[in-house]
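Visitor: Hello! I am new to protein structures and would like to learn how to read one. Could we go through a model together?

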Amino acid sequence: MTNPPKSNSASVLTDPALLTNIKAVIAQARSHVKQVVNSTMVHAYWQIGRLIVDDEQQGSTRAEYGKSVLKGLSAQLTADLGKGFDVSNLRNMRRFYLAFEKQETLSLELSWSHYNVLARIENPAARLWYMQEASQQNWSVRALERQIGTLYYERLLSSKNKQPVEQEAQQNDLEQGIINNLQQFLLELGKGFAFVERQKRIRFDDEDFYIDLVFYNFKLKCFLLLDLKIGKLKHQDIGQMDTYIRLYDDLHTSSDDNPTIGLVLCSEKSEAVVKYSVLSDQKQLFAAKYLAHLPSEEELRIELQKERARVQAQLLNQQVKGQDDE
């Protein structure tokens with residue numbers, strides 16, 4: 001009696017169409033969960049801001065309120081609920097409510113970090129415009145900060161020739177496209193990389209910093225921070241990454257983790273520059289142990305040039321298509 005043929009289950013599981021469909025479902029589910037979490041957090045912080053303002057208006061003076069009541073409220077909330085309710089955060093929630101008193105105007109696509117930036121804009125018309133553009137163009141927090149810092153809204157209003165201003169703003173799309181592709185590139189290397197977070201916010205004193213990409217490498221047992229700059233590499237970029245490394249080590253690493261590694265990528269039209277950032281007392285460890293499990297600077301430079309060209313072509317095609325549609 002012959003045995004029945006064994007089913008080739010592996011070929012079914014690795015079928016490209018099936019794998020693509022499953023990944024699409026998972027990606028959609030994760031995106032939905034993240035959006036729900038972000039939306040819930042935004043509305044919760046708006047409500048907290050409203051409660052603080054309502055209570056403040058019943059007090060004697062705002063100065064006294066800020067010094068006494070918020071400090072006590074922060075201490076009690078932290079004791080009962082944990083981190084995230086220091087005095088500066090409570091002030092941010094108060095400012096958020098005052099900037100967006102009509103809850104229905106809030107865009108569900110934006111995170112609390114976006115609104116924390118938007119709430120600092122004094123001009124209500126500019127604030128609303130930046131909110132709508134950030135939502136429609138899918139700007140990261142850093143992209144939003146850059147547009148505000150370069151007075152994008154104000155320059156569009158005052159400029160007779162708006163095309164150069166709009167082309168400059170497209171650098172954000174170029175940056176986001178390159179980051180998307182580099183994220184996938186690192187995950188496909190097969191060297192122990194796991195994606196942790198995008199636009200990771202770390203806080204120091206009263207200032208927020210945003211890291212483009214954060215990975216964890218299970219072979220090296222360390223975090224890898226990646227920051228992309230569109231332009232020429234500057235000394236300040238390495239110094240900024242060293243600050244990120246110190247803050248991340250203090251806030252997020254455990255005792256059995258190896259020191260965090262930073263990666264700065266600078267993409268110009270003519271060339272690309274890649275530098276790993278390690279603190280001075282870790283260079284020997286980095287050279288001896290880490291380089292075997294990380295892509296070389298040359299590999300990353302070539303990938304960065306390739307991705308810049310690819311994304312620029314995609315943006316050009318979109319621009320041409322938009323003009324044809326008109």
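Visitor: How many of the 7 residues of β4 are buried?

Guide: Let's begin there. Keep in mind that this is a predicted model. In β4, 7 of its 7 residues are buried, so the strand is mostly covered, where buried means under 20% relative accessible area.

Visitor: Which residues of β4 lie on one side, and which on the other?

Guide: Here is the general idea. In a regular strand, side chains alternate between the two faces of the sheet. Now the case in hand: I261, L263, L265 and S267 are on one side of β4, while G262, V264 and C266 are on the other. Both of these faces are covered, with the residues on each side all buried.

Visitor: In what order do the strands of the sheet come?

Guide: The order is β1-β2-β3-β4-β5, and these 5 strands form an open sheet. At the edges are β1 and β5 (272–277), each of which pairs on one side only. From one strand to the next, the twist averages 25 degrees.

Visitor: How do I read the pairing between strands?

Guide: Strands of a sheet pair through backbone hydrogen bonds, and the pairing is either parallel or antiparallel. In this sheet the pairing is mixed. Let's walk across, one pair at a time. β1 and β2 run antiparallel and are joined by 10 bridges. To find this pair in the model, look for R203, whose bridge partner in β2 is D208.

Visitor: Do β2 and β3 pair in the parallel or the antiparallel sense?

Guide: They pair in the antiparallel sense, over 5 bridges. Strand β2 covers residues 207–217, and β3 covers residues 222–230. For a landmark, take L213, whose bridge partner in β3 is L226. The two strands form a hairpin with 4 residues between them.

Visitor: What is the phi of K221, and where is K221 placed?

Guide: K221 is in the loop between β2 and β3. Its phi is near 55 degrees, a positive value in a residue other than glycine. K221 counts as partly exposed because its relative accessibility is 35%.

Visitor: Which strand holds Q199, and is Q199 buried or exposed?

Guide: Q199 is in strand β1, and its phi is also positive, near 50 degrees. With a relative accessible area of 14%, Q199 is buried. A further positive phi is that of L151, near 55 degrees, in the residue that follows α7. In helix α7 itself (residues 141–149), the buried residues are V141, R142, A143, L144 and Q147.

Visitor: Back to the sheet, please. In which sense do β3 and β4 pair?

Guide: β3 and β4 (residues 261–267) pair in the parallel sense, over 7 bridges. Two places help you line them up: L224 has I261 as its bridge partner in β4, and I230 stands opposite S267 in β4. β3 is mostly covered, with 8 of its 9 residues buried.

Visitor: Through which helix does the chain cross from β3 to β4, β3 and β4 being paired in the parallel sense?

Guide: The chain crosses through α11, and this β-α-β crossover is right-handed. G239 lies in that helix and counts as partly exposed, at 34% relative accessibility. Try finding S277 as well: its C-alpha atom is separated from that of G239 by 8.8 Å, although the two are 38 residues apart along the chain.

Visitor: How many bridges join β4 to β5?

Guide: There are 6 bridges, and β4 and β5 run antiparallel. One match to look for is L263, whose bridge partner in β5 is Y276.

Visitor: Finally, how much space lies in the largest pocket?

Guide: About 2300 Å³ of space lies in the largest pocket. It is lined by 50 residues, and the closest to its centre are K34, N38, E197, R198 and Q199. You met Q199 earlier, in strand β1.

Visitor: Which element gives the largest share of the lining of the largest pocket?

Guide: That is α2, with 11 residues. Other elements that supply at least two residues of the lining include α4 (87–99), α10 (171–187) and β1 (193–204). By class, the lining has 19 nonpolar, 19 polar and 12 charged residues.

Methods
Residues are numbered from 1 along each chain as its sequence is written. This is a predicted model: local features need pLDDT of at least 70, side-chain atom pairs count only at pLDDT 80 or more; totals for chains, interfaces and linings use all residues. Side-chain values use heavy atoms; hydrogens and water are left out. On a 1 Å grid over the protein atoms alone, a cavity is a set of points where a 1.4 Å probe fits but cannot get out, and a pocket is an open set with protein on both sides within 12 Å along at least five of seven lines; lining residues have an atom within 4 Å of a point. Grid points are joined across faces, edges and corners, and a volume is the space filled by probe spheres set on the points. Ala, Val, Leu, Ile, Met, Phe, Trp, Tyr, Cys and Pro count as nonpolar, Asp, Glu, Lys and Arg as charged, and the others, Gly among them, as polar. Buried means under 20% relative accessible area, exposed over 50%, partly exposed in between (1.4 Å probe, protein chains only). Two strands pair if DSSP finds at least two bridges between them. A crossover is right-handed if, with the strands pointing away from the viewer, the path from the first strand over the helix to the second runs clockwise. Axes are lines fitted to C-alpha atoms, for helices over the stretch in contact, and angles run from 0 to 180 degrees between N-to-C directions.
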